[in-house]
Amino acid sequence: MIRVAVDAMGGDYAPEEIIAGAVDAVKENKEIKVLLVGQEQVVREKLSGFTYDKNQITVVHASEVIATEEPPVNAIRKKKDSSIVVGMNLVKNKEADAFVSAGSSGAILVGGQVIVGRIKGVERPPLAPLIPTETGVSLLIDCGANVDARPSHLVQFARMGSIYMEHVMNINRPRVAIVNIGAEEEKGNALVKETFPLLKACKDIHFIGSIEAREIPHGAADVIVCEAFVGNVILKLYEGVGATLISKVKTGMMADLRSKIGALLVKPALKDTLKSFDASRYGGAPLLGLNGLVVKTHGNSKANEVKNSIIQCLTFQKQGINEKIKESLAKASQKE
């Protein structure tokens with residue numbers, strides 16, 4: 001079984017939605033064992049309202065909780081018995097294969113590097129969420145971990161992202177593109193201009209050049225490379241525009257009797273279309289390049305996204321993504 005430690009105390013809707021998602025995950029997949037990490041009495045009380053296979057869920061006590069507003073470094077250092085620190089130590093000590101949390105992004109990023117540790121040769125671990133597109137999904141890498149990335153970091157992001165998309169999403173020769181303000185090679189800021197030729201020279205990835213933001217929703221690339229400031233802006237704008245459009249469509253359909261009748265006719269097709277653009281279907285964002293799997297899911301995650309984030313760990317582990325990243329970096333360093 002794949003053992004997934006889950007931060008029961010992290011997120012806007014913890015512990016109720018986190019626990020509900022964990023129960024849904026073990027019901028859907030018998031190969032998963034969940035270790036719910038949090039204040040034992042609280043977790044057991046909420047868990048008592050669910051029916052599940054007792055062999056698939058255990059509770060690991062952690063007396064403290066790291067709040068979102070706490071300085072990440074101090075929180076990781078001082079709150080040794082927090083659900084995030086305890087959960088990551090389970091991964092570090094090989095008592096769990098993965099850790100999933102909807103808690104403090106900063107604490108997860110710091111804890112991932114300090115506790116779980118980076119794979120040898122990885123300069124910076126990036127956060128890499130799957131985002132829905134017209135043709136399926138793309139991997140946005142980095143979306144929030146490294147706001148001051150260097151060209152060598154982006155090259156590693158491209159390699160790790162390509163491995164992830166090939167082996168987790170089963171995309172043969174994933175198309176890799178760097179976010180830019182134009183398609184021409186000479187465009188971009190200093191970071192993009194310096195990184196472009198390095199990516200172009202990589203023989204182990206399928207680099208297709210620059211991608212403009214408007215092409216991302218059309219699925220023009222499978223791996224979208226950028227530093228975290230740009231990636232986070234893309235991700236948040238993506239989510240905001242998506243929510244606004246859905247709200248506007250719903251309002252328009254309820255405007256008068258004629259639109260309400262039309263809404264009834266198109267509802268089944270529209271529901272399927274909107275469902276394909278629901279980011280919660282794809283789970284959380286793995287922090288790639290660590291010695292163990294750490295997945296950050298949205299702070300406002302409900303049960304469905306938590307469930308998908310847990311199940312996502314199964315594919316990651318089965319495909320040996322970390323081993324493949326190690327092999328890729330070792331080959332790259334030999335060539336250099």
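## Exercises on a predicted model

S1 and S4 pair in the parallel sense over 3 bridges. Two strands count as paired if DSSP finds at least two bridges between them. Helices (H or I, at least four residues) and strands (E, at least two) are DSSP runs, numbered from the N terminus.

The model is predicted: local features need pLDDT of at least 70, side-chain atom pairs count only at pLDDT 80 or more, and totals for chains, interfaces and linings use all residues. Residues are numbered from 1 along each chain as its sequence is written, and side-chain values use heavy atoms, with hydrogens and water left out.

### Exercise 1. The sheet

Task: find the strand order of the open sheet, its edges, and the bridge partners of Arg 3, Val 6 and Val 100.

Solution.

1. Start with the order. 6 strands form the open sheet, as S3-S2-S1-S4-S11-S10, and the pairing is mixed.
2. Take the edges next. Strand S3 (57–61) and strand S10 (285–286) each pair on one side only.
3. Go to strand S1 (residues 2–7). It runs parallel to strand S2 (residues 32–38), joined by 6 bridges. Within that pairing, Arg 3 has Lys 33 of S2 as its bridge partner.
4. Cross to S4. Val 6 has Val 100 of S4 as its bridge partner.
5. Continue to strand S11 (residues 293–296). S4 and S11 run parallel, with 4 bridges between them. Val 100 has Val 295 as its bridge partner in S11.

Strands of a sheet pair through backbone hydrogen bonds, either parallel or antiparallel.

### Exercise 2. The two faces of S4

Task: decide which residues of strand S4 (residues 98–101) lie on each side, and whether they are buried or exposed.

Solution.

1. Set the cut-offs. Buried means under 20% relative accessible area, exposed over 50%, partly exposed in between (1.4 Å probe, protein chains only).
2. Recall the pattern. In a regular strand the side chains alternate between the two faces of the sheet.
3. Sort the residues. Ala 98 and Val 100 are on one side, Phe 99 and Ser 101 on the other.
4. Read the burial. These four residues are all buried, and both faces of S4 are covered.

### Exercise 3. Cysteines

Task: explain why Cys 143 and Cys 202 form no disulfide.

Solution.

1. Apply the rule. A disulfide is a pair of cysteine sulfur atoms within 2.5 Å. The count by this rule is 0 disulfides.
2. Check Cys 143. Its closest cysteine sulfur is in Cys 226, 8.4 Å away, so the gap is too far for a bond. Cys 143 is buried, with a relative accessible area of 6%.
3. Check Cys 202. The closest cysteine sulfur is again in Cys 226, at 17 Å, which is too far for a bond. Cys 202 is buried too, at 10% relative accessible area.

### Exercise 4. Helix length and packing

Task: test the span of helix H6 (residues 151–167), then classify how H6 packs on H7 and H1 on H2.

Solution.

1. Compute the span. The expected value is 1.5 Å times one less than the number of residues. For the 17 residues of H6 this gives 24 Å, and the end C-alpha atoms are 25 Å apart, which agrees.
2. Judge the surroundings. 14 of the 17 residues of H6 are buried, so H6 is largely enclosed by the rest of the structure.
3. Fix the geometry terms. Axes are lines fitted to C-alpha atoms, for helices over the stretch in contact, and angles run from 0 to 180 degrees between N-to-C directions. Angles under 35 degrees count as roughly parallel, over 145 as roughly antiparallel, 65 to 115 as roughly perpendicular and the rest as oblique. A crossing is left-handed if the near helix is turned anticlockwise from the far one by less than a right angle, and right-handed if clockwise.
4. Take H6 and helix H7 (residues 190–200). They pack at about 50 degrees, with axes 9 Å apart. That makes H6 oblique to H7. The crossing is right-handed.
5. Take helix H1 (residues 16–28) and helix H2 (residues 40–47). Their angle is about 60 degrees and their axes are 10 Å apart. H1 and H2 are therefore oblique to each other. Their crossing is right-handed.

### Exercise 5. Backbone exceptions

Task: locate the cis peptide bond between Ala 14 and Pro 15, and place Lys 94 with its positive phi.

Solution.

1. Recall the background. Most residues other than glycine have a negative phi, and most peptide bonds are trans.
2. Take the cis bond. Ala 14 and Pro 15 are joined with omega of about -5 degrees. Pro 15 sits in the loop between S1 and H1.
3. Take Lys 94. Its phi is about 65 degrees, although Lys 94 is not a glycine. Lys 94 lies in the loop between helix H4 (83–92) and S4. At 56% relative accessibility, Lys 94 counts as exposed.
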